[in-house]
Amino acid sequence: MHSMPVKISGTGRFLPEKILTNQDFEALVSTTDQWIRERTGITQRHIAGEGESTATMAAEASRNALADAGLKPTEIDMIIVATITPECFFPSTACFVQDSIGANSVPSFDISAACSGYIYALLLGAQFLQNEQYRHVLIIGSETMSRITDYQDRSSCILFGDGAGAVVLSASKDPTGPCIIHSKMHASGANSTMLWVPAGGSRLPTSEMTVRERLHYIKMQGREVYKVAVKKNIEVIERTLAEAGVSPEELAVVIPHQSNLRIIDSAREKLGLPKEKMFTNIQNCGNTSAASIAMGLDECRKTGRLTAGDIVLMVAFGAGWTWASALIRM
Ligand code: UT7
């Protein structure tokens, strides 16, 4: 594939103030701080408070990204929100964000690809820059996972957190400058029901029964998801680097989706990467689905782990299954 000359001109993130610690979970379900740390790496997660939702968090992250890019909301040409916890069935979360930040009547829509959603959205947005249709697109990953988490299910509730990350992606004409060097997107739907929310959609509309049976919450076959996640993460990283002709040593940092610290560590060990080259924030944020890589990119830029010319690899695996990677020169 050809590299796409596009530039990350601004990033931002938002995390709600409220925090749920592992100790809080000890009071909710039969679990321990030690089990959660050892099996997931998580110690706490941010949880949306009253009045906070996927659109409000997305708008906050977007304001930060716009300020970072030095752009006005009216200079944005398109808004894409990656989420599996939208503001409502319709209209799109992106429409709420557009109104909230004061953008023009630009195309605004959501995409749903679970934990891979942010990379899908980024690559989609990049196409509109590459064909010179737009100059700046706003791409957001925002999730209020706490609103679809079953706090009676100890095997899944300890994982998830809320938050949002945003990036302003801008057109660039410099073929030797910032660009998407290589990218991959995949989906395989045969195992869609291994990680899903069964009720509330057209297949099984909300009813007294679905609420009673708690079918409007995440259902996950954790151990199975874990096995596939480890395999696919390593596979997509190795293929991306091989096809791009980039060695692990050339990477400034890898920003993986934050699903489980053990999944991230196994990929790091397979690649032979030192710990400081593998970004993690799962310890403090939990699994924030489409928001995790977006927030990670902002943190890496703002803390100086990523500067101009650096090569970053973003990689995700999640429900669907979906998986994706984006190798970017900053
Ligand atoms: O975002 C992308 C998709 N999501 C993921 O990638 C998540 C992938 N899965 C995972 O991260 C892990 O499978 C979990 C963290 C969900 C579970 O860890 P595990 O090491 O796979 O545990 P397990 O499901 O194999 O369960 C081991 C034991 C079981 O007890 P028995 O049957 O051995 O007696 C569970 O009942 O741990 C028990 N268990 C717990 N114990 C204490 C499950 N959840 C808990 C808990 N506290 N919270």
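1. Around the ligand in this predicted model there are 22 residues, and those that come nearest are Thr-31, Arg-39, Arg-223, Asn-260 and Asn-287. Sorted by the character of their side chains, the residues of this shell divide into 9 nonpolar, 9 polar and 4 charged.

2. Several polar atoms of the ligand can be paired with side chains of the protein. An oxygen atom of the ligand lies 2.6 Å from an N or O atom in the side chain of Asn-287, and for the side chain of Asn-260 the corresponding distance, again from an oxygen atom of the ligand, is 2.7 Å. On the nitrogen side, a nitrogen atom of the ligand is 3.3 Å from an N or O atom in the side chain of Trp-35. Taken alone, the ligand would expose 950 Å², and the protein buries 77% of that area.

3. Which elements give two or more residues to the shell around the ligand? They are helix H2 (33-40), helix H6 (154-157), helix H8 (222-244) and helix H9 (261-271), and the largest share, 4 residues, comes from H8. At the level of domains, the ligand lies between domain 1 (6-171) and domain 2 (179-329), because both of them give residues to the shell around it.

4. Away from the topic of the ligand, helix H11, which spans residues 292-302, deserves a look, since it is mostly covered, with 8 of its 11 residues buried. The buried residues are Ser-292, Ile-293, Ala-294, Met-295, Gly-296, Leu-297, Asp-298 and Cys-300. They pack against strands and a helix, namely strand S1 (6-14), helix H5 (117-130), strand S6 (136-144), strand S7 (162-171), strand S11 (253-256) and strand S12 (311-318). Just after H11, the backbone at Gly-304 takes a positive phi of about 80°.

5. Is His-136, a residue of strand S6, buried or exposed? His-136 is buried, because its relative accessible area is 10%, and the cut-off for calling a residue buried is under 20%. The side chain of His-136 also makes a polar contact, at 2.8 Å, with the side chain of Ser-170.

6. The surroundings of His-136 can be followed further through its contacts. When its neighbours within four places in sequence are left aside, His-136 is in contact with Leu-71, Glu-75, Ile-76, Asp-77, Met-78, Leu-129, Val-168, Leu-169 and Ser-170. Ser-170 therefore appears both in this list of contacts and as the partner in the polar contact, while His-136 itself is buried.

Definitions and conventions
Residues numbered from 1 in each chain as written. Predicted model: local features only at pLDDT ≥ 70, side-chain atom pairs only at ≥ 80, totals over all residues. Heavy atoms only, no water. Near = heavy atom within 4 Å. Polar contact = N/O pair within 3.5 Å; in protein donor to acceptor, adjacent residues only side chain to side chain. Areas by Shrake-Rupley, 256 points an atom, 1.4 Å probe, with all protein chains shown as cover. Nonpolar A, V, L, I, M, F, W, Y, C, P; charged D, E, K, R; others polar. Domains from an automatic or database assignment. Buried < 20%, exposed > 50% of the residue type's maximum accessible area, 1.4 Å probe, protein only. Contact = heavy atoms within 4.5 Å.
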